[in-house]
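Me: I am new to this structure and would like to understand how its descriptions follow from the values. Could you take me through them with care?

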Amino acid sequence: MTVLPFPIRPAARGEAAGLSRTAAVTGTFWSPQGPAGTFTGTYRLERLLDQYGQTAAAGVFTGALLGAGGEHLGMASRRHTAAADLDTAAAAFTARIGPVDVNLLGFLVTVDEFTVSVPRALRGPSTAHVPATAGELLDRVVSAAGAGSVGASEAVAREAGTR
């Protein structure tokens, strides 16, 4: 089996200031030796999307897979978009995600439910109004990232290359 090393990326501007958008995750899968394989790693939230009127989180799962006997099967990384519940009552926006199934190294891993915090203190528009949709929150994140006053749909379209 070929294992590819994943270089460690330098922290993004927001992460360096303590505004991490990562969460520790765990999961299980059927390993070659039985049903007790485990996955431990992290999820890095890249962005929130508004898909068909529902909030979704797009990010990257990265971690290690261990077989039923504890043997190291490999390291894996996979981009994944999943439905998310956005809680705006806390000091930071909290996205609750999962459980979700993710294909890692050919194994269907069921990742347990986890939460990712998105800081409320974003530069740009006033944060006095709590966003009603992921699209409205995305407008704030895009403007905080320095994209100016580009709307969420325009930013998503530009990223997708459709505009």
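**Loops, hairpins and exposure**

Reply: In this predicted model, Leu105 is found in the loop between β6 and β7 (107–111), and phi of this residue is near 55°, a positive value in a residue other than glycine.

Me: Why is Leu105 called partly exposed?

Reply: The relative accessibility of Leu105 is 37%, and a residue counts as buried under 20% and as exposed over 50%, with partly exposed in between; because 37% falls between these two cut-offs, Leu105 is partly exposed.

Me: What makes Tyr52 exposed?

Reply: Tyr52 has a relative accessible area of 85%, and since exposed means over 50%, the value lies above the cut-off and Tyr52 is therefore called exposed. Tyr52 sits in the loop between β2 and β3, where its phi, near 55°, is positive although the residue is not glycine.

Me: How do you know that β2 and strand β3 (residues 54–66) pair?

Reply: Two strands pair if at least two bridges are found between them, and β2 and β3 are joined in the antiparallel sense over 13 bridges, so the requirement is met and the two strands count as paired. One of the bridges links Arg47 to its partner Ala58 in β3, and the hairpin that these strands form has 2 residues between them.

Me: What makes strand β1 (residues 22–31) and strand β2 (residues 34–51) a pair?

Reply: The same kind of reasoning applies here: 9 bridges join β1 to β2, and because at least two are needed, these strands are paired, running antiparallel to each other. Ala23 stands opposite Tyr43 in β2, and β1 and β2 form a hairpin with 2 residues between them.

Me: How do you know that the peptide bond from Gly98 to Pro99 is cis?

Reply: The omega angle of the bond from Gly98 to Pro99 is near -5°, and the bond is cis. As for its setting, Pro99 is placed in the loop between β5 (92–97) and β6 (100–104).

Me: What pattern does the protein chain follow along the sequence, and how many helices and strands are there?

Reply: The chain holds 3 helices and 8 strands, and, read along the sequence, these follow the pattern α-β-β-β-β-β-β-β-β-α-α.

Me: How much of the protein chain is made up of buried residues?

Reply: Buried residues, meaning those under 20% relative accessible area, make up 36% of the 163 residues in the chain. The protein chain exposes about 9,300 Å², of which carbon and sulfur atoms supply 55%.

Terms used
Residues are numbered from 1 along each chain as its sequence is written. This is a predicted model: local features need pLDDT of at least 70, side-chain atom pairs count only at pLDDT 80 or more; totals for chains, interfaces and linings use all residues. Side-chain values use heavy atoms; hydrogens and water are left out. Helices (H or I, at least four residues) and strands (E, at least two) are DSSP runs, numbered from the N terminus. Buried means under 20% relative accessible area, exposed over 50%, partly exposed in between (1.4 Å probe, protein chains only). Accessible areas come from the Shrake-Rupley method with a 1.4 Å probe; for residues, only the protein chains shown count as cover.
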